[in-house]
Amino acid sequence: MPDVLVRGLDESTKGALAAAAAENGRSLQAELRLILEEAARSVVFSQGSANCTGGTSSEPSLPQFESEEQVQKRLERRHLIRRRALETRESLAHDLPDPALMLSQMRAQQEAQMQQALENLTWNDALAPSKEGNGAYDRT
């Protein structure tokens, strides 16, 4: 696959592209590849492209890019997809239980069970001789 090197790119442009890549969960290289591929697909050559191959005009025709309306629709579609992805991610995060809350609930439940077990234990049960009859006290 051929490589493309872009020199003299403004640092703020690179930063904005890196931020967009991170937001989309892609590497900077993957984000740039996607942007370039989308731009290449959106290029539409004008009907006068025959001028490049010997038409009557002395100037070759240039490729035409998306109209402002097409760009706006594409950006709105991207924005909608990103918003839906964020909403889905947030709703999933709200559905997950909080580990700290779960731990405190488990501890409270264990303490309640121990308290109940202590209440059920009587002094006579605690000091009863063992069933083996060896003079030791049963600790059950």
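**Questions about a predicted model**

Me: Which residues make the nonpolar surface patch of about 310 Å²?
Reply: Patches are made of residues with over 30% relative accessible area and no salt bridge, where like charges are joined within 9 Å and nonpolar side chains (Val, Leu, Ile, Met, Phe, Trp, Tyr) within 5 Å. Accessible areas come from the Shrake-Rupley method with a 1.4 Å probe, and for residues only the protein chains shown count as cover. The nonpolar patch, of about 310 Å², is made by Val4, Val6 and Leu9.

Me: What kind of model is this?
Reply: Residues are numbered from 1 along each chain as its sequence is written, and side-chain values use heavy atoms, with hydrogens and water left out. Local features need pLDDT of at least 70 and side-chain atom pairs count only at pLDDT 80 or more, while totals for chains, interfaces and linings use all residues, since this is a predicted model.

Me: Is valine 4 buried or exposed?
Reply: Valine 4 has its place in the segment before helix H1 (11-23), helices (H or I, at least four residues) and strands (E, at least two) being DSSP runs numbered from the N terminus. Buried means under 20% relative accessible area, exposed over 50%, and partly exposed in between (1.4 Å probe, protein chains only). Because its relative accessibility is 70%, valine 4 counts as exposed.

Me: How many Å apart are the end C-alpha atoms of H1?
Reply: The expected span of a helix is 1.5 Å times one less than its number of residues. H1 has 13 residues and should therefore span 18 Å, which agrees with its end C-alpha atoms, whose distance is 18 Å.

Me: Which pattern does the chain follow along the sequence?
Reply: The secondary structure of the chain comes to five helices and two strands. Read along the sequence, these follow the pattern α-α-β-β-α-α-α.

Me: Which element of the chain has the lowest mean pLDDT?
Reply: pLDDT is the predictor's confidence in each residue, from 0 to 100, and the chain averages 75, with 67% of the residues scoring at least 70. Over residues 45-55 pLDDT stays under 50, and where pLDDT is low, the predicted coordinates should not be read in detail. Among the elements, H1 has the highest mean pLDDT (88), whereas the lowest (48) belongs to strand E1.

Me: Which residue meets arginine 26 in a salt bridge?
Reply: Side chains of opposite charge can pair when their charged atoms come close, and a salt bridge is a side-chain nitrogen of Lys or Arg within 4 Å of a carboxyl oxygen of Asp or Glu. Arginine 26 is partly exposed because its relative accessibility is 33%, while its partner is buried, with a relative accessible area of 2%. At 2.8 Å, N to O, the side chain that arginine 26 meets is that of glutamate 31.

Me: Which residues are linked with Glu38 in a network of salt bridges?
Reply: Glutamate 38 forms a salt bridge with arginine 74, the closest N and O atoms being 3.9 Å apart; glutamate 38 lies in helix H2 (residues 28-42) and arginine 74 in helix H3 (residues 68-95), so this pair ties together parts that are 36 residues apart in sequence. Glutamate 38 also meets the side chain of arginine 78 in a salt bridge (2.1 Å, N to O); arginine 78 lies in H3 as well, so this pair ties together parts 40 residues apart in sequence. Linked with Glu38 in the network are thus Arg74 and Arg78.

How values were computed. Contact means heavy atoms within 4.5 Å.
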